[in-house]
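Okay, thanks for coming, everyone. Have a look at the picture on the screen while I talk you through it.

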Amino acid sequence: MGKNKNCCFLSNFSSLLLGIMFMWGCASMRNPEGGPKDTSPPKILKMIPENMSTNFNAKKIVIEFDEYIKLNNVYKEFSISPELEKEPELKVKLKRLEISLTDSLEKNTTYTLNFGKSIVDLNESNELKNFNYVFATGNQLDSLSISGKVINELKGQAEIESTVFVYPLEKDSLFGKKRPSIYTLSDSSGNFKLKNLKKGPYKIYALKEKSGGDRIYQQQNDEIAFLSDTLYLEKNIDSVVLKIFKEKAKDFRVTDSKLNNDGSIFASFNQQLKKPELKIVGADKIDQGKYVQFSKQKDSVRMWLSDMSWDSIKVVILDQQKIIDSMKFSRPKKESYTRVISVSDNLESQLLNPFKNLELHFNFPINSIDESKILLLEDSIPRKFTLEKDSSNFLNYRIKYNWKAKEQYILELKENAVSSIFDIKNKEIRKNFSVDEAANYGTLILTVEPPDTSASYILQLVNKDKNPISSYPIRKKEKIKLANFKQGVYFARIVYDLNHNGNWDTGDISKKLQAEPIWYEPKELSIRANWDREETIKIPKK
């Protein structure tokens, strides 16, 4: 009998335990993780005192949000205008931001607290952009505004999230020295609006910072726009266009120089040079055995020295036969260079343009090539070809052949086919490719009509990313044929070459000089496959 009771007890206990476990499992059910990512910035629910208050005399401002927040880069992002000797204190308490005004305020003055991008939500760091809190200690708010658009001068596109700011004329000397307190960010269309400004003269700027985000112009990295004239604000001003550009460095400087692990020397500059040269000082034998290759833009250089017996050398940089700078290099006591011959080419997705030769670009100057160790296969059959050295670039060679569309080709550089400086020989190199169809290419014929034949212009054909493909000087009505271009989207860009030097020249903010004007032909100049397109471009007056 007692045994049966124990069995019943155990059975009932087990049932009870299973029931509790089931209930616990139900109670601890959660919503599945995942779902759409939160991309919305914090929303303001309440402000005490209210934004845009007049006769303001509070010592603390409280702003409540719909979610937990935090502050990012407050020192760089936050500002108050007019400035106070003692900066306001900002504290986050869960979903609230408290701003304590620790300094006394001027009478009958409008103050603007600009938070930039400093307010973000706690989890995803979504930014509340361009939020301003404005109040007046008198019975009236300053209400004038300046609005307009920021565009990239060279690309002709809206400049997104550039910092637009003004200085009252009497404080314009602070430009580049101190962060502006009156600023805003351009939106996704490049538009901006500076609000709650008082009557008076202003200087206006737009700044696109590469890094730092401190709203102080750094000529080396940043892009800038400005109006040469002063804005006299007596009523709202709109339709201001700020054209942003990268200012040319005023003083030449070597931005990077190093001895690479393959024994070559590399250097880059902050300017594009005109007729650059390198010379080894005090070592004629080493200087005579050098190979020098400047980049196409002439703003960087690579050099190889046949004689590597030196411990240290001095290299001078010349432009137009004038010494502009020098560099020093030292070799490590234990030489441990890694030297492997590699070859790049002009193929696009393993396709060769049928109107071009196959180009080979080596990473070392070549002493000799054994053509008997180079094999060109067409449909697995060896073919005769012509190997030609590029007269303008000693690193480049061309394979000339009567290419056939859609055929499969293999180019083999067998081991030891190529011998380079430092007596390096190649390992086997193999390239598989085919030739694109000529029908995939088209021709664009442009008739360009300038408004003034005494002026100078430059026609640039650019791709959809606004990078130049080709360039032509224009001084009179001309017909330009752009033959055998890959089908795609292109645009025509006109540079008003004001100084007749054949280049686009940027501005100079210290001289209040704007960049040379640029105009884009509004028509998209798409090149269709196997098609000749003719268009007329009438350059407008500037």
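Let's start with a small sheet: in what order do the strands of the open sheet of 3 strands come? The order is β3-β8-β9, and the pairing is antiparallel. Before I go further, please keep in mind that this is a predicted model. At the edges of that little sheet sit β3, residues 69-71, and β9, residues 127-128, and each of them pairs on one side only. Between β3 and β8, which covers residues 119-121, there are 3 bridges, and the two run antiparallel. If you want one pair to find on the screen, take Ile-69, whose bridge partner in β8 is Asp-121.

Now a second open sheet, this one with 4 strands. The order here is β1-β2-β6-β5, again with antiparallel pairing. β1 (44-48) and β5 (89-93) are the edge strands, each pairing on one side only. On average, neighbouring strands in this sheet are turned by 15 degrees against each other, if you ignore direction. β5 pairs with β6, residues 96-100, over 5 bridges in the antiparallel sense. Look for Glu-89 there: its bridge partner in β6 is Ser-100.

There are also a couple of backbone oddities around here. Quick reminder: most residues other than glycine have a negative phi, and most peptide bonds are trans. Well, the bond from Ile-48 to Pro-49 is cis, with omega near -15 degrees, and Pro-49 lies in the loop between β1 and β2 (60-65). Ser-81 and Pro-82 are joined by a cis peptide bond too, with omega about -5 degrees. You'll find Pro-82 in the loop between β4 (79-81) and β5.

On to a loop residue, Leu-141. Where does Leu-141 sit, and is it buried or exposed? It's in the loop between β10 (132-136) and β11 (144-152), and its relative accessibility is 17%, so it counts as buried. Leaving out residues up to four places away in sequence, Leu-141 touches Met-52, Ser-53, Thr-54, Thr-110, Val-134, Phe-135 and Ala-136. Compare its position with Val-254: those two are 113 residues apart in sequence, and their C-alpha atoms are 51 Å apart in space.

Okay, the nonpolar cores. The largest one has 30 residues, and the ones with the most contacts inside it are Leu-358, Phe-362, Leu-376, Ile-399, Trp-403, Leu-411 and Phe-433. Several strands feed it: β29 (358-362), β31 (374-378), β34 (396-400), β35 (408-413) and β38 (429-435) each supply at least two residues. Apart from that core lies another, of 22 residues, including Ile-280, Met-303, Leu-305 and Ile-313. Going back to Leu-376, its contacts, leaving aside neighbours within four places in sequence, include Ile-381, Phe-385, Trp-403, Leu-411 and Phe-433.

Another loop residue to point at is Ala-417, between β35 and β36 (418-420). Ala-417 has a relative accessibility of 2%, so it counts as buried. Its C-alpha atom is separated by 5.8 Å from that of Ile-369, although the two are 48 residues apart along the chain. Not counting residues up to four places away, Ala-417 touches Ser-368, Ile-369, Asp-370, Lys-373, Ile-374 and Asn-426.

Next, β39, residues 441-449. Why call this strand largely enclosed by the rest of the structure? Because 8 of its 9 residues are buried. β39 pairs with β42, residues 478-486, in the antiparallel sense over 7 bridges, and there Ile-445 stands opposite Lys-481. With β45, residues 532-538, β39 pairs in the parallel sense, over 7 bridges; Glu-449 has Lys-538 as its bridge partner in that strand.

β42 brings us to the second largest pocket. It holds about 990 Å³ of space and is lined by 27 residues, with Lys-296, Asn-346, Glu-348, Lys-356 and Ile-469 lying nearest its centre. The largest share of the lining, 4 residues, comes from β42.

Last stop, two positive phi values on residues that aren't glycines. Asn-484, in strand β42, has a phi of about 60 degrees and is partly exposed, at 32% relative accessible area. Ser-349 has a phi of about 55 degrees and lies in the loop between β27 (343-345) and β28. At 74% relative accessibility, Ser-349 counts as exposed. That's my tour, so over to you.

Conventions: Residues numbered from 1 in each chain as written. Predicted model: local features only at pLDDT ≥ 70, side-chain atom pairs only at ≥ 80, totals over all residues. Heavy atoms only, no water. Pairing = 2+ DSSP bridges. Axes fitted to C-alpha atoms, helices over the stretch in contact; angles between N-to-C directions. Buried < 20%, exposed > 50% of the residue type's maximum accessible area, 1.4 Å probe, protein only. Core = buried A, V, L, I, M, F, W, Y, C linked by side-chain atoms within 4.5 Å. Contact = heavy atoms within 4.5 Å. 1 Å grid on protein atoms, 1.4 Å probe; cavity = no way out; pocket = protein on both sides within 12 Å on 5 of 7 lines; lining within 4 Å. Points joined across faces, edges and corners; volume = space filled by probe spheres on them.
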